[in-house]
Amino acid sequence: MYSEEHLYSIALRECNFIGDINFFKLTRSFGSAKKVWETSKKELSKTDGIGIKTVSDIGNSEHLNFAEKELLFCEKNSIKINLRHQHDLPFLLNECDDAPAILYQKGNFDKNLKPISLVGTRNITAYGKKFIEDFFEEAKSHQFISISGLALGVDKEVHEYSLKHQIPTIGVLAHGFHTLYPSKNKKLSEKIIEENGALLTEFNSSRKPDRENFIQRNRIVAGISPSTIVVETAFGGGSMSTATFANTYNRDVFALPGKITDKYSQGCNQLIFQNKATAISTIKDLLDLAGFNDPKEKIAELFPHSKTTIQLSESQELIYTNIAENPHVTLDDLAEKISVASHKILPVILELELLGKVKSFSGRQFIAI
């Protein structure tokens, strides 16, 4: 189930000064975590942006011992270990510069389903609950996966309404799989896995739910989806950081506006006022903007649909066919599927867009029209 690369990846990530970005630089330069571990510090320090201090802890046998125990823990608890440098990360995370080097997973999820993140305050109001209820009622006919943080309040409602409508859901944790925080959601977490969903965390079994981990967790919630919906949040709420990450990753952010006197609408209103989020007017408009509805259906509302035959070039036909067979395929995945560099694909996709054959969405995703 696990390889030597899993062992050395866990050991390398445990080293002082080796965060997610430095880990990725080194594994990209030397090909594997095992190779990095076995290379001299002098040679490692020649990597662009990596100094001798950064690599000083690599090779420490204590980290290798820890990694061996961690693999045993993962095996005992049926935990999958996803490695970024081996292209294991789900959805759009690979596009994020600070994506986790290692992502631990319990349960399953279908990578072909469209992910959408919904976040908000732990102190959810009746207004927020009604929005979540209405959202899932209108969205239930679509094929998608909901993402949230398995906290109380908005997160809990998102996961529960997903389960109610038989929509797979993913909870992103701020700690290792040795515990579950908050403990009140333990049964909910088990139900998520039972119903074809998953729990994800970048933290190993030694990591507790410390305060700073929740901010780190939020970047995964934002990075894993092309769109993030902020349901309710106060000015300084954790969901504001999720929205900030989503903006940084060039993802769509939507916020539910409310009264300026309502504490848990003030953060949403601020995001809208600062042009960091699009105001949600109706759920139908939200679903359209988030790319849930087939563009053909929307066009048909105004114009009769008539088929026009356009002769495509060989390269256009190849790319169009692959996009048609893989709705919402990302640029990186498309490049891998047809073995063509992404920078060579982009001009052809632009031609297809101008021909009205392809539509692009945030996060460099595409669908055939």
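**A cavity and two sheets**

The structure holds 1 cavity of 30 Å³ or more. The model is a predicted one. The space in this largest cavity comes to about 40 Å³. Its lining includes the run Gly149, Leu150 and Ala151, as well as Leu173, Ala174 and His175. Tyr181, Pro182 and Phe214 also line the cavity, as do the arginines Arg122 and Arg217. Sorted by class, the lining residues are 7 nonpolar, 2 polar and 2 charged.

Next come the sheets. One is an open sheet of 9 strands with mixed pairing, and its strands follow the order E1-E2-E6-E5-E4-E3-E7-E8-E9. Strand E1 (80-83) and strand E9 (278-279) are the edges, each pairing on one side only. Within this sheet, strand E3 (residues 114-119) and strand E4 (residues 144-148) run parallel and are joined by 4 bridges. Proline 115 has isoleucine 145 of E4 opposite it. Helix H10 (residues 238-248) packs on the sheet, where it touches E3, strand E7 (227-230) and strand E8 (252-255). The direction of H10 makes about 155° with that of E7.

The other open sheet has 3 strands in the order E10-E12-E11, and the pairing is antiparallel. Here the edge strands are strand E10 (329-330) and strand E11 (358-361), each with pairing on one side only. E10 pairs with strand E12 (residues 365-368) in the antiparallel sense over 2 bridges. Valine 329 has phenylalanine 366 in E12 as its bridge partner. Helix H16 (residues 342-354) packs on this sheet and touches E11 and E12. Between the directions of H16 and E11 the angle is about 115°.

Key:
Residues numbered from 1 in each chain as written. Predicted model: local features only at pLDDT ≥ 70, side-chain atom pairs only at ≥ 80, totals over all residues. Heavy atoms only, no water. 1 Å grid on protein atoms, 1.4 Å probe; cavity = no way out; pocket = protein on both sides within 12 Å on 5 of 7 lines; lining within 4 Å. Points joined across faces, edges and corners; volume = space filled by probe spheres on them. Nonpolar A, V, L, I, M, F, W, Y, C, P; charged D, E, K, R; others polar. Pairing = 2+ DSSP bridges. Contact = heavy atoms within 4.5 Å. Axes fitted to C-alpha atoms, helices over the stretch in contact; angles between N-to-C directions.
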